[in-house]
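I opened a new page for this model. These are my notes on what I looked up, in the order I went.

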Amino acid sequence: MSDKIKIAVVGSGPGGISAAAHAAELGVPHVLLEATPKHSDTIQKYQKGKHVMAEPNVLPLRSPVPFEQGTREAILDAWEHSLSQHQVNVRYQARVQAITGSKGDFTLTLANGEQVAAEHVILGIGVQGNPRKLGVDGDEAPFIQYQLDDPDEFKGETIVVVGAGDAAIENVLALARNNQVHIVNRRDEFARAKEGNLAAISSAISGGEVQCFYSTNVVRVDEGDFDGKPGRIVLATPSGEAEVAVDRIICRLGAIPQRDLVESFGIEFPNADPNALPVLSTRYESNVEGMYVIGALGGYPLIKQAMNQGYEVVEYILGNSIKPADHPLLEAKFEVLPYALEVDEVLELLQERIPIFSQVNPLVFRELMLDSNVVVPEPGEVIFTKNDYTNTFFTILDGSVEIEVSEDLVIESGQGNFFGEMSLLSGRRRSATVRAGPFCVLIETPRRTMNKLVNSVDAVKRVLDETFILRTIQQRFAPGVPLEELRPIAKAAKMNQFRPGEVIFEEGDKADALHLIRSGSVTVAKTFDNREIPMAYVAAGNYVGEMGLLGNSDRSATVRATVKTESISLDSATFLDLLQKSPELLERMRDDVKLRTQQNVRLQADASAGDMLSFLMQQGLGEATDVLLIDKELCVGCDNCEVACAETHHGTSRLNRSAGAVFAHIHVPTSCRHCEDPHCMKDCPPDAIKRSPGGEVFIQDNCIGCGNCEQNCPYGVIQMSYRPPKKPGIWSWLLFGAGPGPGQAYDKGEVPRGPDEQKKAVKCDMCKDLAGGPACVRACPTGAALRLSPEAFVDLVSSR
Amino acid sequence: MYQSFITYRGGRWFWVALLLCAVSIGLYVWHDLPQPPGGGTWLGYTLGTIGALLILWLTYLGRRKRNYASNLGSVQGWTSAHVYLGTSLIIIATLHAGFQFGWNVHTLAYVLMLLVILSGFFGVWAYLRYPEILTDNTGGKTRDDLFREVAEIDKQLLRQAAPLGAEMETAVASSVERTQIGGGVIAQLRARDDSRVVLPGQGLVANSEQKPILDLVVEQLSQTSHREQAAILREMSNLIGARARLLQRIRRDVQIQGLLRVWLYFHVPLAFACVAALLVHVISVFVYW
């Protein structure tokens with residue numbers, strides 16, 4: 001065992017490098033442990049020449065290591081240089097497998113069995129995780145690799161790819177061009193693959209270009225000379241053992257989540273949610289004293305944040321109480337407040353006054369405030385309007401607001417309360433108009449920040465859910481009844497989750513509960529001639545199942561979730577309670593039932609309408625808020641819609657007219673449907689994807705080009721694209737032949753591109769900045785293109 | 001819910017055009033003119049001015065269509081108006097001329113205008129008739145999808161032909177290689193199968209609708225007594241049949257998409273010629289006034 005050092009930094013990403021360099025510059029005994037042969041493994045794996053952004057721009061960098069936006073290579077070189085300049089004690093291929101001990105006396109055990117003793121540990125290991133190994137004898141053989149950078153590097157080799165996911169399939173298809181490739185699939189089908197990959201691999205296998213071993217496990221890997229090849233893989237196939245002499249084995253078995261490793265170090269997570277983050281103090285210290293977590297692992301995905309934290313943590317370990325780099329940002333944010341208080345005092349005051357935030361740990365709360373805005377509206381000012389699509393969350397720090405749900409339901413809400421949780425949780429339009437009262441001070445928190453909080457702090461989730469149920473019941477069923485009286489009913493209500501396609505209740509079942517759809521949507525279907533024919537589409541915010549409950553009978557239809565759906569259910573006893581409290585409810589529901597029945601009758605006459613509705617739902621339109629549909633009976637294929645899109649959006653069309661499915665002359669082209677709960681928003685490091693009040697989901701200029709949204713969108717409507725220069729006007733084109741003409745794109749290679757330019761994500765923004773609305777629709781000469789909201793689907797299917 | 005440009009807003013532009021024609025005819029019939037009807041009367045000048053402005057405005061559709069951010073009506077509305085008001089020109093221009101025609105530049109402008117309108121009528125007919133046929137033909141698939149299906153069958157055919165001997169292999173490979181789709185404008189619009197194939201003992205011959213290659217496979221099938229070979233040949237004949245149907249659909253797709261576009265190659269140049277002749281007509285009328 002070597003001598004004890006002051007700080008061991010695990011992981012040489014931006015945070016780790018920054019921490020180690022700062023320790024080195026202060027002359028603190030340290031070691032930087034890196035599992036791979038190179039520093040910054042995640043960034044090394046970026047594609048060649050990728051432009052890396054330095055968001056957030058407003059945050060100053062505080063680190064001895066330089067960082068500004070530029071190419072991957074330039075940044076990695078600068079860090080490499082910095083590591084040697086500061087004489088950082090870095091050890092490569094030193095994978096930490098275990099950490100034991102406590103503050104002042106940690107022991108880090110490396111993969112090779114060596115041990116390192118340290119007083120403090122800084123974990124900056126990111127969230128990438130280590131690739132899952134084969135786990136059989138011989139899995140350390142030199143010809144086994146876990147990554148494939150350039151498939152064209154290999155020619156004429158025999159290669160076995162192990163794995164059945166998209167990464168494995170894509171590797172196999174690329175390698176099969178120049179090599180003899182086998183794929184080993186543990187199962188009897190490629191169940192996890194994307195549809196395009198599935199089709200491609202199936203055809204490659206049936207075409208004999210790739211040999212597939214289904215239901216096969218790897219037994220062992222042998223090194224040696226096998227028919228002139230360096231190794232051999234032994235497989236257990238359903239028809240017995242098989243051997244393949246190989247030049248190379250590529251394992252694509254996914255990654256082991258970092259969480260397991262981190263938990264083995266003693267660090268606790270608040271709950272089992274895969275998105276949960278470890279609990280940290282304001283000084284990034286975990287529940288294990290002396291062990292610090294920085295960077296993406298702690299919930300800070302941006303490079304600059306991680307580097308600042310690396311610097312700060314070293315200072316904290318040395319006992320220096322420095323202000324975090326974001327201090328001036330918060331100071332500026334709090335300037336509008338009518339209090340003469342320091343930043344830390346304001347933060348304390350906020351947590352004290354706002355109960356929902358009181359449980360939150362101060363570090364998380366600080367981060368939340370960095371993302372949030374302090375709003376000081378004039379009395380009477382509208383905060384948001386009913387039916388807006390905004391989805392931020394508001395808390396009241398001072399004063400009060402007036403919440404107008406409808407003419408007969410106006411609620412006043414005061415200090416410490418919150419509002420806006422309905423849209424936050426359901427992704428639907430605002431259900432009320434909110435106006436500021438006198439002396440009102442509000443905190444507005446973006447949706448992504450709030451979701452992060454909900455995922456990591458159970459108490460917040462619970463409070464939000466309970467309030468949501470209570471307020472929904474009041475709004476939908478009992479506007480005249482005070483919240484206090486409704487509390488027991490809300491307590492008895494249940495939250496349910498349904499997978500896409502899952503049955504909520506079935507025709508003929510005994511009616512036992514009413515479901516209020518909180519998010520997602522459902523179809524209501526009846527069975528005719530043994531066929532289930534959907535008759536209605538019901539969006540979030542409405543209820544289903546009241547017909548059976550009112551008539552106290554059996555279910556008259558089957559209700560099915562179209563997408564991931566959440567509902568709040570009230571059983572019949574609770575429902576009767578509610579009816580007693582709010583007698584006029586019965587009348588209103590009867591009206592609703594009557595309307596629904598009429599609609600059903602209208603659709604029943606026509607089974608093809610039901611088929612059309614099913615088709616639309618299969619295209620994922622159950623989660624859409626606004627979708628482009630083309631009537632093939634009118635479309636002449638002129639592509640003026642695409643051209644109009646490109647011309648009004650920096651040269652890249654965000655819709656693909658010819659792609660997409662067609663049913664009974666209705667065509668769903670590849671274009672954004674502005675989902676209720678947009679998949680693209682899920683994992684955007686700079687939080688660049690926003691929803692405007694009109695419902696348009698759009699990408700702001702601070703996109704860093706990481707491509708997460710492109711991958712997360714199940715409908716393939718986001719592309720990564722350069723922004724071409726502005727085109728010359730139509731007359732200079734017509735008269736002088738300058739540049740490409742209207743509707744034409746620049747030729748490839750024609751556009752000079754600066755070194756700093758990089759691809760960014762682009763998608764449909766529904767032309768929110770154009771006065772006349774979507775250009776695709778307005779440019780259609782024949783009226784074939786329309787944008788519809790799902791509420792109009794019933795009209796669409798019954799009009800055909 | 002969807003409206004075509006013909007029924008756009010309840011045929012609003014139809015009524016406007018109808019009104020325009022009715023008023024023009026009414027004035028023409030009702031007014032007792034001091035001289036024979038023609039461009040030189042006050043009514044002639046009025047109708048001529050309306051007609052000339054209409055022609056310029058109709059030509060401007062080409063510009064408006066490319067004004068993608070424009071908020072001045074929708075392109076569909078413009079198209080609807082273009083169709084109806086363009087049609088009304090027949091009446092307006094004829095009344096403007098007072099039925100005086102001759103071998104001169106004035107009548108040339110009039111004839112060119114009629115040709116533009118006629119080609120436009122074909123366009124309207126094509127736009128109303130073909131989209132549905134287009135979709136039904138491909139079953140909602142794109143042309144690329146169909147090509148991918150053909151390529152997939154090609155691969156299978158080549159694989160199956162490999163063990164059947166050199167002659168068979170050559171025949172199948174040549175039928176794949178020498179499959180012909182599209183070509184020049186005429187070939188696209190004709191949509192005939194000009195594919196060729198190398199048949200044993202016959203050399204390079206026409207392979208219309210893939211029938212000769214299918215015949216070859218079927219004949220081989222009838223002669224073979226080998227069970228496995230028969231199975232392969234049977235499968236091949238099915239694939240060739242499916243492939244021929246796919247090729248037919250692709251050709252039909254090329255044909256219809258061609259028909260949807262080809263009229264514009266007459267309509268637009270004729271329109272420019274018409275505007276030029278109109279200019280000459282107007283200038284000469286004023287010069288010789």
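**Entry 1: domain 1 against domain 3 in chain A**

I started with the area buried between domain 1 of chain A and domain 3 of chain A, and I read about 1,000 Å². Carbon and sulfur atoms carry 59% of that area. The model is predicted, and I keep that in mind throughout.

I then asked which three residues supply the most on the side of domain 1 of chain A. They are L277(A), T282(A) and Y300(A), which give 35% of the area that domain 1 of chain A buries against domain 3 of chain A.

I noted the residues in contact: 16 from domain 1 of chain A and eight from domain 3 of chain A. I found zero salt bridges across this interface. I did find two residue pairs in polar contact, both at pLDDT 80 or more. On the side of domain 1 of chain A, I sorted the residues into nine nonpolar, six polar and one charged.

I also looked up the bounds. Domain 1 of chain A runs over 5–129 + 257–317, and domain 3 of chain A over 327–456. Their C-alpha centres are 34 Å apart.

**Entry 2: one threonine**

Next I picked T433(A). I placed it in strand β26 of chain A, residues 433–436. Is T433(A) buried or exposed? Its relative accessibility is 11%, so T433(A) counts as buried, the cut-off being under 20%.

I listed its contacts, leaving aside neighbours within four places in sequence. They are V382(A), F384(A), T385(A), K386(A), E402(A), I403(A) and E404(A). For K386(A) I have a distance too: its backbone nitrogen lies 2.9 Å from a polar atom of the T433(A) side chain.

**Entry 3: the two domains of chain B**

I turned to chain B. It is divided into domain 1 (8–138 + 261–287) and domain 2 (143–260). I read 48 Å between their C-alpha centres.

How many residues of each domain are in contact? I got eleven from domain 1 of chain B and eleven from domain 2 of chain B. The two domains bury about 1,200 Å² between them, with 62% on carbon and sulfur atoms. In domain 1 of chain B, L134(B), N137(B) and R261(B) lose the most area to domain 2 of chain B, together 47% of what that side buries.

I found zero salt bridges here. The polar contacts came to six residue pairs, both residues at pLDDT 80 or more. On the side of domain 1 of chain B, α5 and α10 of chain B each supply at least two residues. The largest share is from α5(B), with eight residues. I sorted that side into eight nonpolar, two polar and one charged.

**Entry 4: chain B against chain A**

Last, I looked between the chains. Chain B brings 28 residues to the contact and chain A brings 48. The buried area is about 2,900 Å², and carbon and sulfur atoms give 60% of it. In chain B, M1(B), Y2(B) and Y68(B) lose the most area to chain A, together 32% of what that side buries.

I counted one salt bridge between the chains. Which side chains form it? They are those of E209(A) and K155(B), at 3.6 Å, N to O. I also noted seven residue pairs in polar contact, both at pLDDT 80 or more.

The elements giving two or more residues on the chain B side are α4 (75–97), α5 (105–138), α6 (143–161) and α10 (227–262). Of these, α5(B) gives the most, five residues. I closed with the make-up of that side: nine nonpolar, ten polar and nine charged.

Conventions:
Residues numbered from 1 in each chain as written. Chains lettered and ligands numbered in written order. Predicted model: local features only at pLDDT ≥ 70, side-chain atom pairs only at ≥ 80, totals over all residues. Heavy atoms only, no water. Contact = heavy atoms within 4.5 Å. Buried area = accessible area lost by both parts, 1.4 Å probe. Salt bridge = Lys/Arg side-chain N within 4 Å of Asp/Glu carboxyl O. Polar contact = N/O pair within 3.5 Å; in protein donor to acceptor, adjacent residues only side chain to side chain. Helix = DSSP H or I, 4+ residues; strand = E, 2+ residues; numbered from the N terminus. Nonpolar A, V, L, I, M, F, W, Y, C, P; charged D, E, K, R; others polar. Domains from an automatic or database assignment. Buried < 20%, exposed > 50% of the residue type's maximum accessible area, 1.4 Å probe, protein only.
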